[in-house]
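This report describes a protein model from its core outwards to its sheets, pockets and loops. Please keep the sequence and the three-dimensional view at hand while reading.

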Amino acid sequence: MKRILVLEFITSFGGVQSVYKNILPELAKGNEILFLNPYSSQDDLEIGDFDNIEVIDMLLNSPKALNWKSGFIQKISVFLKYGIKYLLYFFRLAGFIKKNKVELLYVSGKKEIFFAVFIKLLCNIPYIYHAHGFGRVEDINQFTKLAIKKAKYVVCVSNDVKNKIIKSGVEKENIVVVSNGLNLKEAEEKVTRAIPKQKSKKQFTVVFAGTIQPQKGVATLVKAVKLLNEKGYGVGLNLVGNCNDLSYMEELKSISSADFVSFCGFSDNIYEYFLPADLVVLASREESFGMVLLEAMFAKKPVIGSDIGGIPDIIVDGETGFLFECDNYIELAEKILRLYNDRALCESFGAKGFQRVSEMFNSEIQGDRINKLIND
């Protein structure tokens, strides 16, 4: 059993945090987990009641988001204003690590790996880097490459992430692909609690679930469904999720001027929309993995995804769903139409997808594989 400090500067609940929520109880089965909580925001993870997991409320008195994507002058201003706070926090953290005899750091984000590099130098503590994704190889800058090289192991959520890291110039000996997993027990409980929402008024209901933004390729999906309706097929589209980009929302509404699209907003139980659906589509332009596909497959629904990022790791084309060329709404429409016309194929994809998730993409398998790295 090792004492592990998980560094995770949570600013909002998203895909990375949902992964932690699934795997931390698994890692805690063989280790003692200390989960750093610098922003008092761990409540969304609901991990405080698990055995061998202790939440450390070491608060960081600075803004949650420092806006590092701004211009050079703005970055200098941010550094001068808040840099000293992060420096003092770093030394507090180093003191905590030494006092509590932490044996391993577990990190995932850019800020976290920055801390891990210097803590390794100061305290001689190894770290594992859980790489959730990079949009492009060019996004892996020189410091990130250095930090990845110094990690004991690099856990990649997909082959796409691994390949991008290798292409950036990092050696591959310590890079391991461990796919994200679904907590099957929790998923089953959500399915049981779900109160199915009404299907669209159309004959065939397609669902998208996630943040409504350009990277998710929602416009491509809307265009595909619009094309099918123009040809006389009754296909409805439910978009489930929040949209913080008002201009993008207006763009989608301008495309979907007919009655086939419903903007459903956020749902805390996505199975309410999946259970009555006929098909789930993820048309992303960037996607390191795609947890929503696992949830859809667990609901025994056929899935279609773009052929980018980690999506091909999940969907077996022609067996559990279809892949299509990214941004190609005409091909996407053709794949939707094949399922529209073949209910038996929908059922076959759904059954095989459920089996694939249960056997290959569950959080117990994910936790076991990471635990083996930890105990190496």
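The sections below treat the nonpolar cores, the strands, the empty spaces and a few individual residues in turn.

The model is predicted: local features need pLDDT of at least 70 and side-chain atom pairs count only at pLDDT 80 or more, while totals for chains, interfaces and linings use all residues. Residues are numbered from 1 along each chain as its sequence is written, and side-chain values use heavy atoms, with hydrogens and water left out.

**Nonpolar cores**

In soluble globular proteins, nonpolar side chains tend to be buried together. A nonpolar core is here a set of buried Ala, Val, Leu, Ile, Met, Phe, Trp, Tyr and Cys residues joined through side-chain atoms within 4.5 Å. Buried means under 20% relative accessible area, exposed means over 50%, and partly exposed lies in between, with a 1.4 Å probe and protein chains only. The largest core holds 109 residues, and the members that touch the most others are Leu 5, Leu 105, Ile 165, Leu 221, Phe 274 and Ile 336. Helix 7 (residues 218-230) provides the largest share of this core, 8 residues. Helices (H or I, at least four residues) and strands (E, at least two) are DSSP runs, numbered from the N terminus. A second, separate core has 22 residues, including Tyr 20, Ile 33, Ile 53 and Tyr 106.

Leaving aside residues up to four places away in sequence, Phe 274 touches Val 207, Ala 209, Val 280, Val 292, Glu 295, Ala 296, Ala 299 and Lys 301; contact means heavy atoms within 4.5 Å.

**Strands and sheet**

Strands of a sheet pair through backbone hydrogen bonds, either parallel or antiparallel. Two strands are taken to pair if DSSP finds at least two bridges between them. An open sheet of 6 strands follows the order 10-9-8-11-12-13 with parallel pairing. Strand 10 (261-265) and strand 13 (321-324) are its edge strands, each pairing on one side only. On average, neighbouring strands of this sheet are turned by 20 degrees against each other, direction ignored. Helix 10 (residues 291-298) packs on the sheet, where it touches strand 8, strand 11 (279-282) and strand 12 (303-306), and its direction makes about 165 degrees with that of strand 12. Axes are lines fitted to C-alpha atoms, for helices over the stretch in contact, and angles run from 0 to 180 degrees between N-to-C directions.

The table gives four parallel strand pairs.

| Strand pair | Bridges | Opposite residues |
|---|---|---|
| Strand 8 (residues 204-209) and strand 9 (residues 235-240) | 6 bridges | Phe 208 and Leu 239 |
| Strand 1 (residues 3-7) and strand 2 | 4 bridges | Ile 4 and Ile 33 |
| Strand 2 and strand 3 (residues 53-56) | 4 bridges | Ile 33 and Ile 53 |
| Strand 5 and strand 6 | 4 bridges | Ala 131 and Cys 156 |

Strand 2 (residues 32-36) is largely enclosed by the rest of the structure, because 4 of its 5 residues are buried. Strand 6 (residues 153-156) is covered on both faces: Tyr 153 and Val 155 are buried on one side, and Val 154 and Cys 156 on the other.

**Pocket and cavity**

On a 1 Å grid over the protein atoms alone, a cavity is a set of points where a 1.4 Å probe fits but cannot get out; a pocket is an open set with protein on both sides within 12 Å along at least five of seven lines, and lining residues have an atom within 4 Å of a point. Grid points are joined across faces, edges and corners, and a volume is the space filled by probe spheres set on the points.

The second largest pocket encloses about 330 Å³. Its lining comprises 17 residues, of which Asn 22, Pro 25, Glu 26, Phe 50 and Asn 183 lie nearest its centre. Helix 1 (15-27), helix 6 (184-193) and helix 14 (363-374) each supply at least two lining residues, and helix 1 gives the most, with 4 residues.

A search of the whole structure finds 1 cavity of 30 Å³ or more. The largest cavity has about 40 Å³ of space and is lined by Lys 197, Gln 198, Lys 199, Thr 205, Asn 238, Tyr 273, Pro 276 and Ala 277.

**Individual loop residues**

His 132 is found in the loop between strand 5 (127-131) and helix 4 (142-150). This histidine counts as buried because its relative accessibility is 17%. Not counting residues up to four places away in sequence, His 132 touches Val 16, Val 19, Ser 108, Val 157, Val 161 and Ser 288.

Most residues other than glycine have a negative phi, and most peptide bonds are trans. Asn 52 has a positive phi of about 65 degrees although it is not a glycine; Asn 52 is found in the loop between strand 2 and strand 3 and, at 36% relative accessibility, counts as partly exposed. Lys 300 also has a positive phi of about 65 degrees without being a glycine, and Lys 300 is found in the loop between helix 10 and strand 12.
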